[in-house]
Amino acid sequence: PGGRRVSIRVSCPHCGKTILAPDNAAGRGARCPGCDGSVTIPAPVAASTAPGQDIDFDIPDSFSPPPPPAPASRQTPVEQPVAPPAAAQSERVRVSCASCGKSLAVPVKFVGKSVKCPNCQNAIKVELASSAANASAVGETVAGGIPDFDAPLQSQDGNENAYDPNDPFVYLDRMGLDSLDSGAPTAMPPVVQGVKRKKRAKPVDEEKLSRPAVDVSDWTRVFLYAYMGLAMIPLAVSLFLPDSSLDGAHLPEDSKFHWVYAGISVVGFLTLLLISIRSPDAGPIMLVLVGLFTGTVGIVVLLLLQALAFFSANLVIRGGLGIVVLFLLIVKFIGLMYYCALSDESSFWASVYGFTLGVGLCEELCKIVPVIWYMQNNREATWKGACLVGLASGIGFGVSEGIHYAGGMYNGFAGWEMYVVRFVSCVALHAAWTATIACNMYRRSDLGGGELGEILLAIVIWIGVPVLLHGMYDTFLKHGLNGWALVTAILTIGWMAYAFERAARAAPA
């Protein structure tokens, strides 16, 4: 009555999903959005939907609406339709930029390829999304909420060619869903709720889309790798040009000026993190707090562990195997490893065991505490956030260690190059070791549960290579193998870059 059309509801013979289509689609073939099966639209009949029945208002992509009539025929819908306008747009898919959120209408020929966002230059992977992701057209409704499907499509500025006539969501959006009296459920499916009344995005320049897409974050990571590699130059100079320092000590024995070097190191490395790898869940304040925590609490915990290990070295442990006895045995083993690392009588391989299973293992375990906290308390953890937290923790530890060595060993004795090595090269190495562990923990976050053997395997996979590189670097320096120490330092930066790239590839798109 009143010139209204009755919509067609047809059930898919394959999956049973109910499809709603305009009555002028009778006799045509369509694709079921639920199972992609073939459905034939029957003749229009008035039908009602039982309460609680799930209705899918998603009109299949294969449905082609009839050509719209001339504007003069809006008063008489029974007039003969006219041919569609020649300027109708070609078929496109809707994608959104993950970086800036801009919505783009991309031609289908770019499906499976990467295009560049014209707003932020970020790389976008064009894929065939669901119908709900491509629904964003604006339409009109007639009295009573039933759409006039024969009315010409016009935008708010009156342009009839602003919409794609082959987009079924244009018609769907013109339906007054709240005013339908067909007995449809009040809670509409998500595909209906996702239809937004907004203007269609402007067509994207196809020439710009065809240009090679460049991910800006790739270049910033390359900048980080290059900077960390350059930080090894002071180490190389100090190892191979030992006579390059000035005569006499750089600072007096009671000087506090090494704190200035520590501050410069913190500012420089923090600036590097902020301009190279940016993450919304790891801002400057968080990175500063992470560095302060590791540089204070982490160092104190390490010193207490070392003191307990040296105390238990001569301790005789008796009794059955329990939690306390197991802990004392582990601490006693660490004390033995520290003795092998620091003793002048230790052989090369004894030093390897000592620096790897003693010094390297304990220091890295103390440095990854903020990384574990980040992974456990951030349900939306990203690989960038994990890397930044690992870098900040390593920087805090390296700077604090530099202050300790300068005040207790360098002031009054060492030349200026030792301060540069300690506050530049050594800080970069500590940051690289911890950041590599953070990347491994993010990429293999599925490990660590279950039996004791699985937990130990997870620890080896997470920290094995960085701890080994840490131990080998210290061992080579102790035994005067400066060339191998420099090679190990360069391998550390390279392995960090490799871990970063693997974590980036493992991150969800």
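This briefing covers one helix, the salt bridges, the cysteines, a nonpolar surface patch and one loop residue. The model is predicted. It holds three salt bridges and zero disulfides. Helix α9 is mostly covered and carries a kink.

**Helix α9**

- Helix α9 runs over residues 348–367 and has 20 residues.
- At 1.5 Å a residue, α9 should span 28 Å. The C-alpha atoms at its ends are 26 Å apart, so the expected and modelled values agree.
- Phe 355 is the centre of a kink of about 35° in α9.
- Of the 20 residues in α9, 14 are buried.

**Salt bridge within α9**

- Lys 367 and Glu 364 pair through their side chains in a salt bridge, with 2.9 Å from N to O.
- The two residues sit three apart in helix α9, so about one helical turn separates them.
- An α-helix has 3.6 residues a turn, so residues three or four places apart point the same way.
- Lys 367 and Glu 364 are both buried.

**Salt bridges between helices**

- Arg 221 pairs with Glu 501 in a salt bridge; their closest N and O atoms are 3.0 Å apart.
- Arg 221 belongs to helix α4, and Glu 501 to helix α14 (residues 482–506). The pair therefore ties together parts that are 280 residues apart in sequence.
- Arg 221 is buried, because its relative accessible area of 6% is under the 20% cut-off.
- Glu 501 is partly exposed, with a relative accessible area of 25%.
- Arg 422 forms a salt bridge with Glu 401, and here the closest N and O atoms are 3.0 Å apart.
- Arg 422 is in helix α12 (residues 416–443), while Glu 401 is in helix α11 (residues 383–410). This pair ties together parts that are 21 residues apart in sequence.
- Arg 422 and Glu 401 are both buried.

**Cysteines**

- The disulfide count is zero.
- Cys 366 is in no disulfide. The nearest cysteine sulfur belongs to Cys 362 and is 6.8 Å away. A disulfide needs sulfur atoms within 2.5 Å, so this pair does not qualify.
- Cys 366 is buried, with a relative accessible area of 8%.
- Cys 340 is also buried, with a relative accessible area of 15%.

**Nonpolar surface patch**

- Phe 223, Tyr 227, Leu 274 and Ile 275 make a nonpolar surface patch of about 330 Å².
- Helices α4 (216–230) and α6 (258–276) each supply at least two of the patch residues.
- Leu 274 lies in α6. Leu 274 is partly exposed, with a relative accessible area of 32%.
- Helix α4 thus appears twice in this briefing, because it holds Arg 221 of a salt bridge and also supplies residues to the patch.

**A loop residue before α6**

- Lys 256 is in the loop that lies between α5 (233–240) and α6.
- Lys 256 counts as exposed, because its relative accessibility of 61% is over the 50% cut-off.
- In sequence, Lys 256 and Ala 406 are 150 residues apart. In space, their C-alpha atoms are 9.2 Å apart.

Note on methods
Residues are numbered from 1 along each chain as its sequence is written. This is a predicted model: local features need pLDDT of at least 70, side-chain atom pairs count only at pLDDT 80 or more; totals for chains, interfaces and linings use all residues. Side-chain values use heavy atoms; hydrogens and water are left out. Helices (H or I, at least four residues) and strands (E, at least two) are DSSP runs, numbered from the N terminus. The expected span of a helix is 1.5 Å times one less than its number of residues. The bend at a residue is the angle between axes fitted to the seven residues ending there and the seven starting there. Buried means under 20% relative accessible area, exposed over 50%, partly exposed in between (1.4 Å probe, protein chains only). Patches are made of residues with over 30% relative accessible area and no salt bridge: like charges are joined within 9 Å, nonpolar side chains (Val, Leu, Ile, Met, Phe, Trp, Tyr) within 5 Å. Accessible areas come from the Shrake-Rupley method with a 1.4 Å probe; for residues, only the protein chains shown count as cover. A salt bridge is a side-chain nitrogen of Lys or Arg within 4 Å of a carboxyl oxygen of Asp or Glu.
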